[in-house]
Amino acid sequence: METRDVKSADFAEAAHIAVSWQLPVVFVIENASQDAYAAKCHGIPVHSVDGNDVEAVRDSVAEAVRRAGAGEGPVLVQARTQRSNGVASTDPLVFERQRLIGAGINAGHLYELERRARHLVAEAEAQAKAMLAEEQPQPIREPEVWPAAS
């Protein structure tokens with residue numbers, strides 16, 4: 001979700017429903033200073049995290065999912081990012097890939113994981129579109145075997 005989305009009527013309605021019914025929902029927004037204020041106005045706890053640190057985002061979202069799943073209601077994770085020159089310093093995933101390769105992870109293994117992740121995302125998108133079109137979607141298939149880490 002982006003800055004403009006949090007300020008929308010759709011977000012206000014979703015936030016109101018999530019808070020009213022104490023739904024186990026985790027909203028994730030990127031690069032927003034005023035977005036946290038918008039969420040607080042709706043009564044949603046906000047957890048800010050360095051959006052350029054993939055591991056910190058993962059940990060923050062995992063904690064938000066744990067809290068929401070424990071019945072503590074909706075949570076908003078605000079991933080603050082800072083743009084600078086250069087693709088590697090701009091895209092946290094590119095930065096993380098470089099960090100993992102530097103730590104000894106095989107680049108081919110990472111490529112295969114990324115390819116499989118893109119495939120799963122494409123299947124999830126197709127399923128969501130099918131649901132919107134009121135068709136019976138096919139279940140998302142998990143890969144049977146993930147390659148071993150190098």
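In helix α4, which spans residues 54-72, the buried residues include Ser60, Ala64 and Ala68. Because the three cover an arc of only 70° around the axis, they sit on the same side of α4. An α-helix has 3.6 residues a turn, so residues three or four places apart point the same way. The other side of α4 carries Arg58, Gly69 and Ala70, which are exposed. The structure is a predicted model, and its confidence values are given at the end of this report.

**Surroundings and ends of α4**

The cover over the buried residues of α4 includes three strands: β1 (26-30), β2 (46-50) and β3 (75-80). At the start of the helix, Asp53 places a side-chain oxygen within 3.2 Å of the backbone nitrogen of Glu55. After the helix comes Gly73, with a positive phi near 85°.

Two residues of α4 can be followed further. Ala64 lies in this helix and counts as buried, because its relative accessibility is 1% and the limit for buried is under 20%. Leaving out residues up to four places away in sequence, Ala64 touches Val26, Val75 and Val77. With Val26 the C-alpha separation is 6.4 Å, although the two residues are 38 apart along the chain.

Arg67 is also placed in α4. Arg67 has 22% relative accessibility and therefore counts as partly exposed. Apart from neighbours within four places in sequence, Arg67 is in contact with His47, Glu72 and Val75. The C-alpha atoms of Arg67 and Val25 are 9.6 Å apart in space, and the residues are 42 apart in sequence.

**The aromatic pair**

How many aromatic pairs does a search of the whole structure find? The search finds one. The partners are Phe11 and Phe27, whose ring centres are 5.1 Å apart and whose planes are at 70°, so the arrangement is edge-to-face. The angle decides the class, because planes over 60 degrees apart count as edge-to-face. Phe11 belongs to helix α2 (residues 9-20) and Phe27 to strand β1, so the pair ties together parts that are 16 residues apart in sequence. Phe11 is buried, at 4% relative accessibility. Phe27 is buried as well, with a relative accessible area of 9%.

**Nonpolar cores**

Both rings belong to the largest nonpolar core, which has nine residues: Val6, Phe11, Ala15, Ala18, Phe27, Ile29, Ile44, Val46 and Leu76. Two elements, α2 and β1, give two or more residues to this core. The largest share, three residues, comes from α2. Apart from this core lies another one, of five residues, among them Val49, Ala64, Val75 and Ala79. Ala64, the buried α4 residue described above, is thus a member of that other core, because it is listed there and counts as buried at 1% relative accessibility. In soluble globular proteins, nonpolar side chains tend to be buried together.

**Accessibility of selected residues**

| Residue | Relative accessibility | Class |
|---|---|---|
| Phe11 | 4% | buried |
| Phe27 | 9% | buried |
| Ala64 | 1% | buried |
| Arg67 | 22% | partly exposed |
| Gln22 | 41% | partly exposed |
| Leu100 | 25% | partly exposed |

**Gln22 and Leu100**

Gln22 is found in the loop between α2 and β1. Its phi is positive, about 50°, although Gln22 is not a glycine. Most residues other than glycine have a negative phi, and most peptide bonds are trans. With 41% relative accessibility, Gln22 counts as partly exposed.

Leu100 sits in helix α6 (residues 92-102). The relative accessible area of Leu100 is 25%, so this residue is partly exposed. When neighbours within four places in sequence are set aside, Leu100 is in contact with Ile105 and Leu110. Between Leu100 and Leu110 the C-alpha distance is 8.6 Å, at a sequence separation of 10 residues.

**Confidence**

The mean pLDDT of the protein is 78, and 71% of its residues reach 70 or more. Which helix has the lowest confidence, and which the highest? Confidence is lowest in helix α5 (residues 87-90), with a mean of 51, and highest in α4, at 92.

Key:
Residues numbered from 1 in each chain as written. Predicted model: local features only at pLDDT ≥ 70, side-chain atom pairs only at ≥ 80, totals over all residues. Heavy atoms only, no water. Buried < 20%, exposed > 50% of the residue type's maximum accessible area, 1.4 Å probe, protein only. Helix = DSSP H or I, 4+ residues; strand = E, 2+ residues; numbered from the N terminus. Arc of directions from axis to C-beta. Contact = heavy atoms within 4.5 Å. Polar contact = N/O pair within 3.5 Å; in protein donor to acceptor, adjacent residues only side chain to side chain. Phe/Tyr/Trp six-rings, centres within 6.5 Å; stacked < 30°, edge-to-face > 60°. Core = buried A, V, L, I, M, F, W, Y, C linked by side-chain atoms within 4.5 Å. pLDDT = per-residue confidence, 0-100.
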